[in-house]
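I am opening a fresh notebook page for a structure that is new to me. I want to write down what I looked up, one topic at a time.

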Amino acid sequence: MNPTYQPVGFRQLFDYNTWTYTYLLWDLDTREGVLIDPVREQFERDHRVISELGVHLKYALDTHVHADHVTSLGLFREAMGVQTAVGEPSGVPCADILLKDSDKLTFGKHTIQALPTPGHTDACTSFHCENMLFTGDTLFIRGCGRTDFQQGSPKKLFESIQKLYSFPDDTLIYPGHDYKGECVSSVGEEKQFNPRIPALQTEAGFTEIMNALRLPKPKFIDEAVPANLGCGVSRDVGHHTEELFSVHNLERIHDRLPEDEMIIDCRTPEEYLSGHVPGAVNIPMGEELNHSNSIRQARKAYIYCRSGRRAQSVYATLSNKGLDNLVCINSSGMLDWEMARYPLEK
């Protein structure tokens, strides 16, 4: 007899640039919620959706240390006070929680359980909640994660997928990526139709298939892996400028800023509208590359956020594109600005 499942709030979000799914779950009564695999470039969108739905986010989770995109775990911790969590083998030093086998996180009346599913990487963790499995890069719809880099192992991945196949056939599968436009599968479907690992597949047969794959190197791996070990928040403020301004330096110049200089507020539009440094332009983190040409025209561009973390991330992104006119406000941004009772523009 199948268990009775409690209804849970659910949104599936997608990043087209990296083919990544992000999942938002919440309790329909308390509105407490969990976010799985958020993408840094989609931070503003995800933050808006969470706010519009009235979700009180408790946790932001990553299924593993991603090689194809940068996470926004650290940004959500800063912006919404959430706890961040990843699998224990990842050793991510900035995570609030390193999840062990069967660890459970509670949001409202629901729990989400960590299931170690190594094979794509050693730290891969799937999550089980009600009748749903969030499988990250372990199991895809009619496919699975690759095993040819990081700590990949066909043997471990085969064993991990068998663990997922032990759930009831009607358990829904929500993967970390999809490249064919499909959104959801089930344990029963994958056991029947997955060409790499159907129910009767042997470990030897699976290993032969995986070892024969010839896949290109993930194009974002050199940026993504180091950034994700820092929860997606860069601590490297770069080397293009010798000036690391505090808000006190910024306050002294903001009202007499030359026309060829600019101040960039990289918080969300909602934060910006609630009060910002007079004269600052709002370019939310994640949109900076869309404005790189105009930023490049400035003699100097001063970047700030709420606590300094997003500013450092934007600084690093733009610096990597060759912009050498940037000044990162290396302090607690608006927190320090408001504490000092400097003027606000709304």
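The entries below go from the cores to the sheet, then to one helix, one glutamate, the salt bridges and the aromatic rings.

**Entry 1: the cores**

I began by noting that this is a predicted model. I looked for the largest nonpolar core and found that it has 40 residues, with Leu24, Ile295, Ile303 and Leu326 making the most contacts inside it. Its largest share, four residues, comes from helix 10, which covers residues 309–320. I also noted a second, separate core of 21 residues, and Leu61, Leu99, Met132 and Tyr174 are among its members.

I then followed Leu24 outward, leaving aside its neighbours within four places in sequence, and listed its contacts, among them Phe10, Val34, Leu35, Ile50 and Leu57. Gly9 and Arg11 also belong to that list.

**Entry 2: an open sheet**

I traced an open sheet of six strands and wrote down its order as 7-8-9-10-13-14, with mixed pairing. Which strands stand at the edges? They are strand 7 (104–107) and strand 14 (185–186), and each has a single partner strand, so one side of each is left without a neighbour in the sheet.

Inside the sheet I looked at strand 10 (residues 132–136) and strand 13 (residues 172–175), which run parallel and are joined by four bridges. One residue I could place here is Met132, whose bridge partner in strand 13 is Leu172; Met132 had already come up as a member of the second core.

**Entry 3: helix 2**

I next checked helix 2 (residues 73–80), where six of the eight residues are buried, so the helix is largely enclosed by the rest of the structure. The buried ones are Leu73, Gly74, Leu75, Phe76, Arg77 and Glu78, a list that holds charged residues beside nonpolar ones. What covers these buried residues includes strand 3 (32–36), helix 1 (43–52), strand 4 (56–61), strand 5 (83–87) and helix 10. I noted too that helix 2 is followed by Gly81, whose phi is positive, near 70°.

**Entry 4: Glu190**

Is Glu190 buried or exposed? I found Glu190 in helix 4 (residues 187–193), and with a relative accessible area of 0% this residue is buried. The side chain of Glu190 makes a polar contact with the side chain of Ser185 at 2.5 Å, and another with the side chain of Asn194 at 2.9 Å. Beyond its neighbours within four places in sequence, Glu190 is in contact with residues including Leu139, Phe140, Ile141, Arg142, Tyr165 and Pro198.

**Entry 5: salt bridges**

I counted 19 salt bridges and followed a few of them. Glu52 forms one with Arg48, the closest N and O atoms being 3.1 Å apart. The two are four residues apart in helix 1 and are therefore separated by about one helical turn. Glu52 is exposed, with a relative accessible area of 58%, whereas Arg48 is partly exposed at 35%.

Arg142 forms a salt bridge with Glu189, with the closest N and O atoms 2.9 Å apart. This pair links distant parts of the chain, since Arg142 is in the loop between strand 11 (139–140) and strand 12 (143–144) while Glu189 is in helix 4, 47 residues apart. Arg142 is partly exposed at 25% relative accessible area, and Glu189 is partly exposed at 31%.

Helix 4 came up again with Lys191, whose side chain meets that of Asp169 in a salt bridge (2.9 Å, N to O). Here, too, distant parts of the chain are linked, with Asp169 in the loop between helix 3 (154–165) and strand 13, and Lys191 22 residues apart from it. I closed this entry with a network of salt bridges that links Asp27, Asp29 and Lys109.

**Entry 6: aromatic rings**

How many aromatic pairs does the structure hold? I noted 15 of them. The rings of Tyr21 and Tyr23 have their centres 6.0 Å apart and their planes at 40°, so the pair is tilted. Tyr21 is buried at 5% relative accessibility, and Tyr23 is buried at 1%.

Phe158 and Phe206 form another tilted pair, 5.9 Å centre to centre and with 45° between the planes. Phe158 lies in helix 3 and Phe206 in helix 5 (residues 203–212), so the pair ties together parts that are 48 residues apart in sequence. Both Phe158 and Phe206 are buried.

My last note is on a cluster linked by ring pairs, whose members include Phe10, Trp19, Tyr21, Tyr23, Phe140 and Tyr174. Several of these names were already on my page: Phe10 as a contact of Leu24, Phe140 as a contact of Glu190, and Tyr174 in the second core.

How values were computed: Residues numbered from 1 in each chain as written. Predicted model: local features only at pLDDT ≥ 70, side-chain atom pairs only at ≥ 80, totals over all residues. Heavy atoms only, no water. Core = buried A, V, L, I, M, F, W, Y, C linked by side-chain atoms within 4.5 Å. Buried < 20%, exposed > 50% of the residue type's maximum accessible area, 1.4 Å probe, protein only. Contact = heavy atoms within 4.5 Å. Pairing = 2+ DSSP bridges. Polar contact = N/O pair within 3.5 Å; in protein donor to acceptor, adjacent residues only side chain to side chain. Salt bridge = Lys/Arg side-chain N within 4 Å of Asp/Glu carboxyl O. Phe/Tyr/Trp six-rings, centres within 6.5 Å; stacked < 30°, edge-to-face > 60°.
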